[in-house]
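User: I would like to learn how to read a fold from its model. Can you walk me through the features one by one?

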Amino acid sequence: ERQDGNNNNNNTTNACDVIRPDLPEECTCSNPTNRWSFVVECLKVFNETHIHDTIGMKIVVDPCDPSGSRMDIEIVEEKHHIDYRIGGIRIGEEKEIPIP
């Protein structure tokens with residue numbers, strides 16, 4: 001049993017219920033298709049002396065995809081208008097992907 005008292009053994013528990021306690025406050029989690037697929041979206045605003053920018057990330061995970069588990073990642077940065085999508089990473093694949 002987890003320290004938060006959720007043993008995740010019932011049929012209503014979903015992936016977000018499992019990972020939400022460990023997400024930073026800038027992130028949200030949703031279950032768009034089934035209980036084990038999930039989308040994590042994070043948006044971090046920087047208002048510091050030398051940096052005024054917003055950086056975000058969207059991660060879509062579908063471990064039950066009929067073609068094999070997959071993950072998509074999207075990185076956004078507002079100041080320089082970067083919207084970089086990395087799609088279709090499948091289970092067992094390794095990729096080195098430079099972020100511009």
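**Reading the disulfides and the sheet**

Analyst: Counting bonded cysteines along the chain, the disulfides follow the pattern 1-3, 2-4. Keep in mind that this is a predicted model.

User: How many disulfides does a search of the whole structure find?

Analyst: The search finds two. One joins Cys16 to Cys29, with an S to S distance of 1.9 Å. The other joins Cys27 to Cys42, also listed with S to S 1.9 Å.

User: Which hand does the link of Cys16 and Cys29 have, left or right?

Analyst: Read the angle about the S-S bond. For Cys16 and Cys29 that angle is -75 degrees, and the link is left-handed. Cys16 sits in helix H1 and Cys29 in strand E1, so this pair ties together parts 13 residues apart in sequence.

User: And what is the hand of the link between Cys27 and Cys42?

Analyst: That link is right-handed, with 110 degrees about the S-S bond. Cys27 lies in strand E1 and Cys42 in strand E2, so the pair ties together parts that are 15 residues apart in sequence. The two residues are also matched in the sheet: the bridge partner of Cys27 in E2 is Cys42.

User: Are Cys16, Cys27 and Cys29 buried or exposed?

Analyst: Use the cut-off: buried means under 20% relative accessible area. Cys16 has 0% relative accessibility, so Cys16 counts as buried. Cys27 is at 14% and counts as buried. Cys29, with a relative accessible area of 12%, is buried as well. Cys64 is another case: at 46%, Cys64 is partly exposed.

User: Let us step back. What does the secondary structure of the chain come to?

Analyst: It comes to one helix and five strands. Along the sequence the pattern reads α-β-β-β-β-β.

User: In what order do the strands of the sheet stand?

Analyst: The five strands form an open sheet in the order E1-E2-E3-E4-E5, and the pairing is antiparallel. E1 and strand E5 (82-90) stand at the edges; each has a single partner strand, so one side of each has no neighbour in the sheet. On average, neighbouring strands are turned by 10 degrees against each other, direction ignored. Take one pair: E1 and E2 run antiparallel and are joined by four bridges.

User: How do I read the side chains along a strand?

Analyst: Start from the general idea. In a regular strand, side chains alternate between the two faces of the sheet. E1 shows this: Cys27 and Cys29 point to one face and are buried, whereas Thr28 and Ser30 point to the other and are not.

User: Which residues make up the largest nonpolar core?

Analyst: General idea again. Nonpolar side chains tend to be buried together in soluble globular proteins. Here the largest nonpolar core has eight residues: Ala15, Cys16, Cys27, Cys29, Phe38, Val40, Cys42 and Val61. Helix H1 (15-19), strand E1 (27-30) and strand E2 (38-47) are the elements that give two or more residues to this core. E2 gives the most, with three.

User: What does Cys29 touch, leaving out residues up to four places away in sequence?

Analyst: Cys29 touches Cys16, Ile19, Arg20, Leu23, Phe38, Val39 and Val40 on that count. Cys16, in this list, is also the disulfide partner of Cys29.

User: Now a residue in another strand. Where is Val60 found, and what does Val60 touch?

Analyst: Val60 is found in strand E3 (residues 52-62). Leaving out residues up to four places away in sequence, Val60 touches Phe38, Val39, Arg70, Met71 and Asp72. Look at one of these contacts. Val60 and Met71 are eleven residues apart along the chain, with 5.5 Å between their C-alpha atoms. Val60 is partly exposed, with a relative accessible area of 27%.

User: Which totals describe the whole chain?

Analyst: Take burial, contacts and surface in turn. Buried residues make up 24% of the 100 residues. Among contacts with a separation of 6 or more, 12% are between residues 24 or more positions apart. The chain exposes about 7,200 Å², and carbon and sulfur atoms supply 51% of that area.

Note on methods. Residues numbered from 1 in each chain as written. Predicted model: local features only at pLDDT ≥ 70, side-chain atom pairs only at ≥ 80, totals over all residues. Heavy atoms only, no water. Core = buried A, V, L, I, M, F, W, Y, C linked by side-chain atoms within 4.5 Å. Buried < 20%, exposed > 50% of the residue type's maximum accessible area, 1.4 Å probe, protein only. Contact = heavy atoms within 4.5 Å. Pairing = 2+ DSSP bridges. Axes fitted to C-alpha atoms, helices over the stretch in contact; angles between N-to-C directions. Areas by Shrake-Rupley, 256 points an atom, 1.4 Å probe, with all protein chains shown as cover. Disulfide = S-S within 2.5 Å.
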